[in-house]
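Reader: I am new to this structure and would like a close look at a single part of it, the place where the ligand sits. Please take me through that part and then through the other spaces inside the protein.

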Amino acid sequence: MEKNNLKLLITGVSGLLGNNLAHYFKDKQEVTGLYFSHPVVIRGIRTEKCDLLHDNSIRQIISDFNPSIIIHCASLTNIDQCESDRNLTEKINVAATKNIREAITDKDIKLVYISTDAVYDGVKGDFSEDDEIDPLNYYGLSKYEGELQILRKEHSLILRTNIFGWNIQDKKSLGEWILDELNGRRKINGFKDAYFSSIYTMEFARVIDIAIQKKLSGVYNCGSQNSCSKYEFAVKIAECFGLDRTLITPISIDDFNFKAKRGKNLSLNVNKLQKELDYKLPTIDQSIDAFYKDYKCGVSSQIKKGIDATHTKRDSKVIPYGRQWIDENDIQSVVNVLRSDWITQGPRVEEFEKLLTDYIGAKYAVAVNSGTSALHIACLAAGIEYGDKVITSPITFVASANCFVYCGASPDFADIDLKTYNIMPEEVKKKITQKTKAIIPVHFAGQSCDMETIYKITTQKESELSRKVFIIEDACHALGSIYKGKKVGSCEFSDMTVLSFHPVKHITTAEGGAVLTNDEGLYRALKRLRSHGITREPHELVEKVKAVNPWYYEQVDLGFNYRITDIQCALGISQLTKLDIFRSKRRRIVDIYNSAFGDLRHVRVPLESSDYDSNFHLYVLLFDFDRLDIERIELVSALLKMGIQTQVHYIPVYSHPFYRARFGVVKDCPNAEYYYKRCLSIPLYASMTESEVERVVSGVREIITSRTGDVKG
Ligand SMILES: Cc1ncc(COP(=O)(O)O)c(C=O)c1O
């Protein structure tokens, strides 16, 4: 089905109505669904975690997704729970609604609010919209207060309803509960004196669809055209599904001791809505019939398939220091490849490479199966070999140095700058010798090195040495970062740039990496090295005459199988479309962290300068543990007890046993030592919620201020 260009944002997508609406609208328009505590996956729509109580979260999502319509379904609907936890009910049903309305005050976004029949007192029945609002319970009152919030936004639509349908969660709607009980041949009671005009969710979705098309605004009742008692409802369901109606006993609602009061006759008069839409709402029988048909043709099981694929293994109590963001679009992209003819080196690899070069602004990209492989073939393409020396940073992941050690070269570690934690150009200058074949600057935590100075130093040394010294940027942390107005990876000041797509990085292909370059010769070499050193390019063949044979290829270098798959690249392509969103989400968290920790005297936040626009792969705090009178391990353990995972990035590479044994003890990197003793990375990833950020902020501040006396400066 052709989608229209309206973009729909649904809150409460893990709830009965939100989820059913997502199913209804997903083929018609682009849909994003928001959940909070129950992650869901719905084929064809993007779902995202959002804490509606934090106005920044919803603002950010609105600005990223730019919806034309918001259907606000998220609500606390358990009437007795609402009665006993009024505080929480007020927050979810009123304050969150206010946040949404305020987030779109000046925006041309249609707001649709799902209210309830419980705003009426349930005495006379057949309520029309002009009847007095007099809720008997706190649920009804909170939903009415929500309505008042919504009414402050022009052209919004409020629908007072009562629904049943196929739930995604274990929680059962009234219809499902009746079915389950009767199917299990268990006896149930039905209230013979409680009336309602419940409507099947998918019928309700159709009404909302028409109302949106007709640009309806105002307050309307929306239920089935007629009403019946809950007992009659249960009997109708039994009859429709061919179950034993004698299991249902009629009782009075007065015999039931509910915590919250309930209206007895909440039947709705839906004439106003029918007239405005020129549409006949279904009767209760028609609603039940549609409910039955959707069961028969598998809609109910499709709905129930919406499981938590993104977060199943996630321990909700522990906030990791980094993690991937995988949504339904990513999953679908991978599934499409799995259903296609190519799953290894097919069209997706080249497409991904092309998108990377388009995004970054380099001429060529060669995608491989990890950042480490990318570094390795970059070193091989640069001709690094036994006896060579390569300069890199000590504060990095071991792969930045392993890559040239694989080639037989040995490391020279240049000390870091204590402001940026990046390699210092003056130190690089000091270390370049006759043997130096390459320099691998690492853009630590996402902040670019001073590439222009490193480049100038290197070209000057090249003329002194009368030979090439390669610059290979290790930008495994820095996809999306900007240096002097250009994307890191443009290779303006280097020969090659290496990226990693490991899950904690900005975008992921599960495992994966790439080398970027502007040099065609290097590009050709990289492509060969990725795949055994084999070529079919006629101009690269030694036996040129044989090129006419379609089967002919030659191995001209000693390469590897570092190939990335189409499956991975499909994920990468989908992820790349969200890179700027990921960047801005991280940026927002960094701003919160900067202001939360900026006033702690013995804690240093990362330094930023205008030439270096970091993507913030990591957020590293430097703690003066001596002054704070706390050891790092105590801080790490205390945070972990609060469910906050931290990490040390990094142990200086030269101090690992392998490096000490192979290359000896390094003593000339005092800044790296100083940094290592104090650093700790706190959680930072695009899908972090406001409340997770808040937990981290208060956890760190609590430990630092209360236990150690560090106070506001
Ligand atoms: C700076 C740096 N370089 C290289 C790598 C290696 O990348 P990969 O894990 O994709 O092999 C990493 C991985 O974390 C890294 O942080």
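Author: In the side chain of Lys505, an N or O atom is 2.7 Å from an oxygen atom of the ligand. This is a predicted model, and each distance given here is computed from it. Thr372 makes a similar approach: an N or O atom in its side chain is 2.5 Å from an oxygen atom of the ligand. For Tyr650, a polar side-chain atom lies 3.1 Å from a ligand oxygen atom. Taken alone, the ligand exposes 390 Å², and the protein buries 91% of that.

The ligand takes up the space of the second largest pocket. Two elements, α14 and α15, give two or more residues to the shell around the ligand. Of these, α14 gives the most, with 3 residues. In total 16 residues surround the ligand, and the closest are Gly371, Thr372, His477, Ser500 and Lys505. Sorted by class, the shell has 6 nonpolar, 8 polar and 2 charged residues.

The pocket can also be described by its own lining. About 500 Å³ of space lies in this second largest pocket. It is lined by 27 residues, of which Phe397, Val398, His477, Lys505 and Tyr650 are the closest to its centre. His477 and Lys505 thus appear among the residues closest to the pocket centre and also among those closest to the ligand. The helices α14 (371-381) and α15 (399-405) each supply at least two residues of the pocket lining, and α14 again gives the most, with 3 residues. By class, the pocket lining divides into 12 nonpolar, 12 polar and 3 charged residues.

Tyr650, with its polar atom 3.1 Å from a ligand oxygen, has a further feature in the backbone. The peptide bond that leads from His649 to Tyr650 is cis, with omega near 5°. Tyr650 is placed in the loop between α22 (632-641) and α23 (657-663).

Now the other spaces. The structure holds 6 cavities of 30 Å³ or more. In the largest cavity there is about 230 Å³ of space. Its lining consists of 22 residues, and Glu48, Lys49, Trp325, Ala686 and Ser687 are the closest to its centre. The elements β3 (46-49), α2 (55-65) and α20 (579-597) each supply at least two residues of that lining. The strand β3 gives the most, with 3 residues. The lining of the largest cavity has 7 nonpolar, 7 polar and 8 charged residues.

The second largest cavity holds about 110 Å³ of space. Among the residues that line it are Lys419, Thr420, Tyr421, Phe444, Ala445 and Gln447. Others in this lining include Pro606, Leu607, Ser614, Phe616, Leu618 and Val620. By class, the lining of the second largest cavity divides into 8 nonpolar, 3 polar and 1 charged. One of the lining residues, Ala445, has a positive phi of about 65° although it is not a glycine. Ala445 is found in the loop between β17 (436-440) and α17 (451-465).

To return to the part you asked about: the ligand takes the space of the second largest pocket, with the side chains of Thr372, Lys505 and Tyr650 each placing a polar atom at the stated distance from a ligand oxygen.

Key:
Residues are numbered from 1 along each chain as its sequence is written. This is a predicted model: local features need pLDDT of at least 70, side-chain atom pairs count only at pLDDT 80 or more; totals for chains, interfaces and linings use all residues. Side-chain values use heavy atoms; hydrogens and water are left out. On a 1 Å grid over the protein atoms alone, a cavity is a set of points where a 1.4 Å probe fits but cannot get out, and a pocket is an open set with protein on both sides within 12 Å along at least five of seven lines; lining residues have an atom within 4 Å of a point. Grid points are joined across faces, edges and corners, and a volume is the space filled by probe spheres set on the points. Helices (H or I, at least four residues) and strands (E, at least two) are DSSP runs, numbered from the N terminus. Ala, Val, Leu, Ile, Met, Phe, Trp, Tyr, Cys and Pro count as nonpolar, Asp, Glu, Lys and Arg as charged, and the others, Gly among them, as polar. A residue is near a molecule or strand if one of its heavy atoms lies within 4 Å of it. A polar contact is a pair of N or O atoms within 3.5 Å; within protein, one must be able to donate a hydrogen and the other to accept it, and residues adjacent in sequence count only if both atoms are side-chain atoms. Accessible areas come from the Shrake-Rupley method with a 1.4 Å probe; for residues, only the protein chains shown count as cover. A molecule sits in a cavity or pocket if more than half of its atoms lie within 2 Å of its grid points.
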